[in-house]
Amino acid sequence: MQQIVDGITAGSIYGALALALVLVYRSTGLVNFAQGQMAVVSVYIGWSLVEIGLPVPLAVVLTLVASLVIGALTERLLIRRFEGQEPLVAIVATVAVLICFNGLINLIWGGSVRAFPSLFPDDVVSFLGARATWGDVGTVAVLVGTVALLQLFFLRTRLGLALRTAADNPSSARLLGLPVGSLLLVGWGLAALLGGLAGCLVAPSVPLQPNMMDTILVYALAAAVLGGLDSPLGAVVAAWLIGIVETVAGANINIIGSDLRIAVPLVLLALILLVRPQGLFGRRDVERL
Amino acid sequence: MSFLEVAGLLAGYGAAEVLHGIDLAVAEGGATAVLGANGAGKTTLLRAITGEIRRSGRIAFAGTDITSRRTDQIARLGIGHVPQGRGTLNRLSVRDNLLAGALLRRDRREVKADVEDCLRLFPGLGERIDASAAALSGGEQQMLAISRALMGRPRLLLLDEPSLGLAPRVTAEVFAALHRLRAERGLTLLLVEQNARIALDLVDAAVVVEAGRVTLTGPAAEIAGDDGVRRAYLGV
């Protein structure tokens with residue numbers, strides 16, 4: 001039971017970033033490889049706000065606002081230049097954004113390890129024979145709440161439908177009168193906000209340094225793809241599955257141990273995609289000829 | 001003054017100019033067909049009107065010069081466009097495709113009523129309302145594309161080859177719906193169509209475009225009686 005709880009806790013961290021990946025994919029049709037690094041920028045901004053004496057909740061709120069602006073600016077200043085071209089061009093550009101943001105963090109804050117305070121108390125809570133911190137419980141709760149909000153947002157709001165329309169077929173969206181450029185900007189902004197939230201949830205449990213999200217991004221990408229890439233619920237369920245399998249396999253199969261743990265979700269990803277190429281919750285793309 | 005007025009239109013893709021000075025007028029409540037062979041510039045004409053490609057000259061809609069407006073701004077003025085290839089939102093359901101057509105409208109109750117109207121116009125769509133648009137047949141996708149454009153309550157509807165790739169029975173169904181739209185709503189149409197016979201039966205005026213230039217223009221009955229048109233497009 002403890003291993004499952006630990007797996008869900010770890011999976012929630014991957015899931016938070018996976019949600020940002022899903023959001024940007026669903027609203028722009030792109031995979032943003034810089035999502036993790038953008039989240040790290042957000043966390044450093046939060047850390048700076050805490051350092052100047054702001055209470056942690058207020059610092060996190062301001063960090064989310066800053067994340068939204070950073071995401072929107074990234075789209076407006078860089079990604080929009082690739083609008084109308086092959087999506088692969090913009091995706092490669094996100095790798096460049098990753099490298100630039102990493103350099104920017106080193107330039108502004110340096111590479112030394114810092115500590116980011118938790119939003120939640122440090123106390124431990126026990127249930128069903130397992131133990132977890134309030135931080136773990138809070139992360140899971142925030143994640144579940146975010147998934148519910150995202151589902152409602154995409155399926156029940158006009159802005160959600162407009163974002164899906166623009167991502168599905170930008171040319172048709174323009175013919176329907178939708179300002180596609182502005183919608184992509186909103187999509188990037190919201191995804192960066194979600195990434196910032198993921199960063200603030202993750203940061204207390206890992207050392208704050210410029211590469212803190214690198215490994216998590218690998219897991220998050222695996223979760224997003226495994227979940228179907230455009231399904232928020234799928235991304236979170238897949239992230240939990242990855243977290244549980246990784247934790248249980250690492251603890252019980254000697255040959256895996258801690259060194260090969262990162263390979264576990266990738267093997268799982270490959271096996272499941274062989275059977276279900278559209279992922280666990282994704283819809284198979286069908287086209288009548 | 002015409003509802004849609006195109007004068008001296010030059011348009012093309014990159015350095016290649018496809019239209020070399022098109023003049024065209026569509027009256028409010030009227031329907032005009034653009035006839036021509038493959039590559040004549042018919043689709044380019046519609047894409048130029050909706051601002052999707054480079055163009056110069058003058059395009060005015062309801063008295064407003066739209067020559068340099070963006071596609072989304074032109075759509076918001078009330079020009080609906082059913083593009084060649086249909087442009088359905090393939091990852092969305094039929095219902096969401098219809099609602100996407102009405103995203104700029106605020107009158108929720110009337111949007112709901114318009115969805116019902118579209119389903120009455122094309123009953124087959126009602127049976128597939130929750131299906132993904134990608135899973136529809138070509139005919140159903142064409143009906144969905146027309147319905148989605150209607151959801152925006154356009155004042156002028158541009159239709160690009162609605163019969164392309166459809167079986168004769170489905171083509172007849174689509175054009176029967178267009179006849180109904182003209183009769184019941186007085187919808188203004190600009191129709192690009194290879195099937196001249198079915199097009200001339202629907203419209204009241206036509207232009208023939210050859211190699212990016214208008215070579216013939218007049219009332220539909222007159223165009224249908226032209227010897228050149230009869231030989232080239234009506235197979236008579």
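Two strands count as paired here if DSSP finds at least two bridges between them. I want that in hand before going into the sheet of chain B, starting from one residue pair: Leu35(B) stands opposite Val208(B) in E9(B). Note to self: this is a predicted model.

**Entry 1: confidence**

I looked at the scores before anything else. The model gets ipTM 0.94 and pTM 0.86. For chain B the mean pLDDT is 93, with 99% of its residues at 70 or more. Where is confidence lowest in chain B, and where is it highest? The low spot is helix H10 (residues 227-232) of chain B, with a mean of 78, and the high spot is helix H3 (residues 94-101) of chain B, at 97. Reminder for later: where pLDDT is low, the predicted coordinates should not be read in detail.

**Entry 2: the sheet in chain B**

I traced an open sheet of six strands in chain B, with the order E6-E7-E8-E3-E9-E10 and mixed pairing. Its edge strands are E6 (79-82) and E10 (213-219) of chain B, each pairing on one side only. From one strand to the next the twist averages 15°.

Back to the opening pair. Strand E3 (residues 31-35) and strand E9 (residues 205-210) of chain B run parallel and are joined by four bridges. On the other pairing I checked, E9(B) goes antiparallel with E10(B), over six bridges. Val208(B) turns up again there: its bridge partner in E10(B) is Leu216(B). So I have Val208(B) opposite Leu35(B) and also bridged to Leu216(B), which puts one residue in both pairings. The hairpin of E9(B) and E10(B) has two residues between the strands, and Ala211(B) takes a positive phi near 50° in that hairpin.

Is E9(B) largely enclosed or largely open? Five of its six residues are buried, so E9(B) is largely enclosed by the rest of the structure.

**Entry 3: helices on the sheet**

Next I checked what packs on those strands. Helix H1 (residues 42-49) of chain B lies across E3, E6, strand E7 (156-160), strand E8 (188-192) and E9 of chain B, and runs at about 145° to E7(B). Helix H6 (residues 138-151) of chain B also packs on the sheet, touching E6 and E7 of chain B, with its direction at about 170° to that of E6(B).

I stayed with H6(B) for a while. Its 14 residues should span 20 Å at 1.5 Å a residue, and the end C-alpha atoms are 20 Å apart, so the two agree. H6(B) is mostly covered, with 12 of its 14 residues buried. Among the buried ones are Glu140(B), Met143(B), Arg148(B) and Met151(B). What do the buried residues of H6(B) pack against? They meet E6, H3, helix H4 (108-121), helix H5 (123-127), E7 and helix H7 (168-185) of chain B.

**Entry 4: positive phi values**

I went through the loops of chain B on either side of E7(B). Arg153(B) follows H6(B) and sits in the loop between H6 and E7 of chain B. Its phi is positive, about 50°, although Arg153(B) is not a glycine. Buried or partly exposed? Arg153(B) has 18 C-beta neighbours inside 10 Å, and a residue needs 20 or more to be called buried, so Arg153(B) counts as partly exposed.

Glu161(B) is in the loop between E7 and H7 of chain B. Here too phi is positive, near 50°, in a residue other than glycine. Glu161(B) is buried, with 22 other C-beta atoms within 10 Å.

**Entry 5: chain A and the core**

Over to chain A, where I started with helix H1 (residues 2-28). Its 27 residues should span 39 Å at 1.5 Å a residue, and the end C-alpha atoms of H1(A) are 39 Å apart, which agrees. H1(A) is mostly covered: 24 of its 27 residues are buried. Gly29(A) comes after H1(A), with a positive phi near 80°.

Then I pulled up the largest nonpolar core, which has 159 residues. Those with the most contacts inside it include Tyr14(A), Leu17(A), Ala220(A) and Leu191(B). The largest share of this core, 16 residues, comes from helix H8 (residues 180-202) of chain A. I picked Ala220(A) for a closer look: setting aside its neighbours within four places in sequence, Ala220(A) is in contact with Tyr14(A), Leu17(A), Ala18(A) and Leu21(A).

**Entry 6: where the chains meet**

Last lookup. How many residues of chain A are in contact with chain B? I get 20 residues of chain A in contact with 25 residues of chain B. On the side of chain A that touches chain B, helix H6 (158-168) and helix H7 (170-175) of chain A each supply at least two residues. H6(A) gives the largest share of that side, six residues.

Terms used:
Residues are numbered from 1 along each chain as its sequence is written. Chains are lettered from A and ligands numbered from 1 in the order in which they are written. This is a predicted model: local features need pLDDT of at least 70, side-chain atom pairs count only at pLDDT 80 or more; totals for chains, interfaces and linings use all residues. A nonpolar core is a set of buried Ala, Val, Leu, Ile, Met, Phe, Trp, Tyr and Cys residues joined through C-beta atoms within 7 Å. Two residues are in contact if their C-beta atoms, placed from the backbone, lie within 7 Å. pLDDT is the predictor's confidence in each residue, from 0 to 100. Axes are lines fitted to C-alpha atoms, for helices over the stretch in contact, and angles run from 0 to 180 degrees between N-to-C directions. The expected span of a helix is 1.5 Å times one less than its number of residues.
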